[in-house]
Amino acid sequence: MEFSSRARQRHTRLAGDRRDPYPHSLQFYQEPPTESISLAEFESFAVDRLRLLKVVENLGVSHVRSSDLYKTKLEAEFRRLKFPYRALAEDDYDARRKDHISHFILRLAYCQSEELRRWFLQQEMDLFRYRFNELTEGLRQKFLEHVNLKFEAVSMLLPGFVLCSVCPMFLKLLLKVVSVLLFKKINLYFYAVDLFRARRVFIKDGFAFVPLKDIDAIVLNNYRQKLSKALALTARSLPSIQSDERLQPLLNHLSHSYVGPDYSAQKNTGKISLEHIDALSVKSFPLCMRQLHRALRDNHHLRHGGRMQYGLFLKGIGLTLEQALEFWKKEFIRGKVDADKFDKGYAYSIRHSYGKEGKRTDYTPYSCMKIIMSNPPSQGDYHGCPFRHSEPELLKQKLQSYKIPPSGIAQILDLVKGMHYQLACQKYFELTHDLDDIGFSLNHPNQYFAESQKLLTGGRELKKEPSHLGNSQQKSNSSQESMTSTSTPTSSNTTADAELEGLEAYFTED
């Protein structure tokens, strides 16, 4: 059988040629890629890895990392996105290439702030842990040699051990272990400080003996140090990257990214009645939009950030331009804005958000990541993410006013403390809809509304509202909620395959 030139090269690479840039399915990502790739491939690789890291984040919080369910779901995502996993360990050069390049793209995007670096480091660590533990013993040993982590294996207790000085519990463990790994004392604190602190290593004559099952802790600690240092060095080089007018906007999109549908397709347009918004805000709005709606009803005004966030959300759930103009005008003129001032100062921006003015851009509703990562609220603002931007005590009071049980509030606050803001919103969804597990990841306020309506209506589609708007009345006091609205100014497995928000336009615009 003859191979083409390209096939022969690939066959040589997969045979283990160390000159190949991807000699192993797993790596520490110490050498950046040097080849040229197209912008389309750049985008595709970055979006796929970001999807994978979102899944890693969500699964890491909702499942035990060593459980079979965790492994099954994560492997399914590896297969879908074509990243190296157990079945592709040695025979898929393209998957290893994608893994290598995509890591460095996201490293550029997520080195721009301490919060982004912390998130990226944690997800990459969890991803690495899963992949390392899934390697066979032979592949694991090859990887350790590849990254110069060579330890001498011992199959039995060495002569000269003073066994009486060993803790009985650890002695029992040593006797059960067939192999332990040996390394020099000088590397003890560098490699195995966590194991040493937990008294899970045996130290003798300048050597530490580590059970084979704990070798991943040594490898992970080494990887964490290397990646943390690399992120800091990458952050230093940002000024030179920011001068590239093509690259910097793309990296900014990635670091504030959302990888699901953009909810710009208005299949529900005209199916929402203005007189039902108050009831819907209680039943089906995420906490961020419920907060904005209550603030609008109470103050009869929202600042620009709140109008944009809430207005685009309402557009996404189905309000027409005519309904939006009526909704905002009726509420504003109940405050300090008269009809003439509204028509001159506010109506234009509403028409603009619907693509009827200016550049006629059809703006899409804000995703969770955009709300969390950009434009934090200041004093007097009500936009943003309550889980991200509210003080814990104020958030607790707000949840109590919404009749969330104390145990549920504690779970939400724990997620917020761990900076899992979207998962906190997901828990809020479960508590307000009396569910144990929603079975999907929440990444968008409009997704929250759509999934809530599916549950409440049994999957039935909303009926189209009549075109006349004159008889729609606002019930500003119909659902009184005692709450504190003030906010203060750091993973996903989506079923849709839509591209990153804003990136498609970036690559197609002239």
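In this predicted model, the protein chain has an average pLDDT of 76, and 70% of the residues score at least 70. Among the elements of the chain, the highest mean pLDDT, 96, belongs to helix α14 (residues 287–299), whereas the lowest, 37, belongs to helix α25 (residues 503–508). Two stretches are to be read with this confidence in mind. Over residues 1–19 the pLDDT is below 50, and beyond near neighbours in sequence this stretch makes 15 contacts in the model. Over residues 465–510 the pLDDT likewise stays under 50, and here the model has 133 contacts beyond four places in sequence.

Aromatic side chains were examined next. A pair of aromatic rings is described by the distance of the centres and the angle of the planes. The structure holds 26 aromatic pairs. One of them joins Phe128 and Phe132, whose ring centres are 6.2 Å apart and whose planes meet at 10°, so that the pair counts as stacked, the limit for stacking being an angle under 30 degrees. Both residues belong to helix α5 (residues 114–134), and because they are four residues apart in this helix, about one helical turn separates them. Phe128 and Phe132 are both buried. The ring of Phe132 also has a charged neighbour, since the charged end of Arg140 sits over this ring at 4.9 Å from its centre. A second arrangement of this kind involves Arg290, whose charged end sits over the ring of Tyr402, 3.5 Å from the ring centre.

Ring pairs also build a cluster, in which Phe285, Tyr310, Phe313, Phe327, Trp328, Phe332, Phe342, Tyr346 and Phe449 are linked. Some of these residues appear again in the largest nonpolar core, which has 113 residues and in which Phe285, Tyr310, Trp328 and Phe387 touch the most other members. For Trp328, the contacts that remain when neighbours within four places in sequence are left aside are with Leu296, Leu302, Arg307, Tyr310, Gly311, Phe342 and Ile350. Tyr310 and Phe342 are thus contacts of Trp328 as well as members of the ring cluster.

The cysteines were then considered. A disulfide is a covalent bond between the sulfur atoms of two cysteines. A search of the whole structure finds zero disulfides. Cys288 is in no disulfide, and the nearest cysteine sulfur, which belongs to Cys425, is 6.4 Å away. With a relative accessibility of 9%, Cys288 counts as buried, because the limit for a buried residue is under 20%. For Cys368, which is also in no disulfide, the nearest cysteine sulfur is again that of Cys425, at 5.7 Å. Cys368 is buried as well, its relative accessible area being 14%.

Finally, the backbone was inspected for unusual phi angles. Most residues other than glycine have a negative phi. Lys403, although it is not a glycine, has a positive phi of about 65°. This residue is placed in the loop between α21 (392–401) and α22 (406–417), and with a relative accessibility of 71% Lys403 counts as exposed. Met419 is likewise not a glycine and has a positive phi of about 65°. The position of Met419 is in the loop between α22 and α23 (421–432), where this residue is partly exposed, with a relative accessible area of 27%.

Terms used
Residues are numbered from 1 along each chain as its sequence is written. This is a predicted model: local features need pLDDT of at least 70, side-chain atom pairs count only at pLDDT 80 or more; totals for chains, interfaces and linings use all residues. Side-chain values use heavy atoms; hydrogens and water are left out. Rings of Phe, Tyr and Trp (its six-membered ring) pair if their centres lie within 6.5 Å; planes under 30 degrees apart count as stacked, over 60 as edge-to-face and the rest as tilted. Helices (H or I, at least four residues) and strands (E, at least two) are DSSP runs, numbered from the N terminus. Buried means under 20% relative accessible area, exposed over 50%, partly exposed in between (1.4 Å probe, protein chains only). A charge sits over a ring if NZ of Lys or CZ of Arg is within 6 Å of the ring centre and within 35 degrees of the ring normal. A nonpolar core is a set of buried Ala, Val, Leu, Ile, Met, Phe, Trp, Tyr and Cys residues joined through side-chain atoms within 4.5 Å. Contact means heavy atoms within 4.5 Å. A disulfide is a pair of cysteine sulfur atoms within 2.5 Å. pLDDT is the predictor's confidence in each residue, from 0 to 100.
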